[in-house]
Amino acid sequence: MATSGGGAPSLHDLAATIVLVGAGKMGSAMLDGWIGLGLDPARVAVIEPQPSPELMALAARGLRLNPDRHALRDPAVIVIAVKPQVAAEVVPAAAPLVGPSSVVVSIMAGQRLAALERALPGGTAAIRTMPNTPAAIGRGITVAVANAHVSAPQRELAGRLLAAIGTVEWVADEALLDAVTAVSGSGPAYVFLLAETLARAGAAAGLPADLAGRLARATVAGSGELLHRSPLEAATLRRNVTSPGGTTEAALAVLMGKDGLGPVMQQAVAAATRRSRELAG
Ligand SMILES: NC(=O)c1ccc[n+]([C@@H]2O[C@H](COP(=O)([O-])OP(=O)(O)OC[C@H]3O[C@@H](n4cnc5c(N)ncnc54)[C@H](OP(=O)(O)O)[C@@H]3O)[C@@H](O)[C@H]2O)c1
């Protein structure tokens with residue numbers, strides 16, 4: 001079960017109806033976040049072909065699971081959390097639910113606002129977002145971009161719902177979403193790779209592989225938590241553990257060298273940005 005976003009405002013008082021289309025990894029993380037922040041399950045309707053036991057339990061507490069779509073007209077928010085591969089089927093199927101007060105929030109990677117708008121009634125308020133996997137523990141970061149039809153209260157409501165899975169950043173320029181995808185969307189994989197490669201390097205330096213794995217995992221997780229809790233910049237935290245002439249400095253001379261992590265990360269992010277543009281067509 002996900003925990004709710006740290007510091008996110010309570011959803012106890014939310015009277016709006018929310019429809020969640022797709023309760024897989026991301027959709028469930030959002031739903032868990034909302035319930036964790038006090039949202040009444042009766043406020044939520046979920047459309048999900050393969051409901052999990054957790055979803056069934058919420059249905060017993062009033063959540064509407066796969067209700068008749070005619071009972072769902074004009075909800076305040078429709079969150080679309082299915083894989084982009086089924087967008088062509090799912091978005092037009094959700095279109096009849098959209099009413100004058102609805103805002104559609106998509107978390108589908110690579111689905112542009114223009115594509116959403118084409119599949120929805122003219123003038124629909126729509127928000128495209130890019131969350132990331134730490135959403136599962138309420139510690140994600142989501143970047144959101146709204147179309148011209150989104151009102152200030154709709155933006156505020158969508159922001160409250162997204163805050164249940166972590167931090168929310170709004171941008172005005174949708175073109176930034178490709179680079180956002182490359183940094184925060186795909187970024188957790190780069191950090192996991194760091195843990196993997198640090199463990200392998202530890203084993204190569206003579207440590208038993210299981211010990212190297214535990215050291216690398218705890219180091220990445222603990223440093224991430226320190227970064228999260230500290231007001232200091234990452235570069236300052238790095239300098240604070242680097243004594244002149246010491247072991248860390250010896251390693252950083254390699255990692256920060258001409259062929260070090262900087263240029264490699266830049267190439268990696270550029271490759272992911274290009275791929276995001278290609279996938280969005
Ligand atoms: N996971 C990430 O790191 C991440 C990060 C950023 C953005 N996203 C985006 O988030 C979206 C969801 O990803 P996910 O990892 O949560 O995928 P997921 O676990 O596969 O969840 C998608 C869910 O939607 C359900 N579904 C399929 N067809 C449906 C339909 N016609 N109506 C209603 N529900 C339907 C799926 O059910 P079945 O299992 O029966 O197909 C599944 O439970 C994707 O667009 C992805 O690009 C994911």
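Start by selecting helices H7 and H8 in this predicted model: H7 passes H8 in a right-handed crossing. To see which residues touch, show the side chains of Val 191, Leu 194, Ala 195, Leu 198, Ala 199, Gly 202 and Ala 203 on H7. Facing them on H8, pick Ala 209, Ala 212, Gly 213, Ala 216, Thr 219 and Val 220. Now colour this contact by class: 10 of its residues are nonpolar and three are polar, with no charged residue among them.

Next, look along the two helices. H8 covers residues 209–229, and its axis lies 8 Å from that of H7, at an angle of about 145 degrees.

Keep H7 (187–204) selected, since we follow it to another site: H7 supplies at least two residues to the lining of the second largest pocket. Where should you centre the view? Met 26, Ala 81, Val 82, Lys 83 and Ile 107 are the lining residues that lie nearest the centre of this pocket. The space here comes to about 1300 Å³, and 50 residues line it.

Then add the other helices that each give at least two residues to the lining: H1 (25–36), H2 (53–60), H3 (87–94), H6 (177–185) and H11 (261–280). Which helix gives the largest share? That is H1, with seven residues.

Colour by domain for the next stop. Domain 1 (2–177) and domain 2 (187–280) each contribute at least three residues to the pocket lining.

Finish by colouring the lining by class, where you will find 29 nonpolar, 13 polar and eight charged residues.

Conventions:
Residues numbered from 1 in each chain as written. Predicted model: local features only at pLDDT ≥ 70, side-chain atom pairs only at ≥ 80, totals over all residues. Heavy atoms only, no water. 1 Å grid on protein atoms, 1.4 Å probe; cavity = no way out; pocket = protein on both sides within 12 Å on 5 of 7 lines; lining within 4 Å. Points joined across faces, edges and corners; volume = space filled by probe spheres on them. Helix = DSSP H or I, 4+ residues; strand = E, 2+ residues; numbered from the N terminus. Nonpolar A, V, L, I, M, F, W, Y, C, P; charged D, E, K, R; others polar. Domains from an automatic or database assignment. Axes fitted to C-alpha atoms, helices over the stretch in contact; angles between N-to-C directions. Left-handed = near helix turned anticlockwise from the far one by under 90°. Contact = heavy atoms within 4.5 Å.
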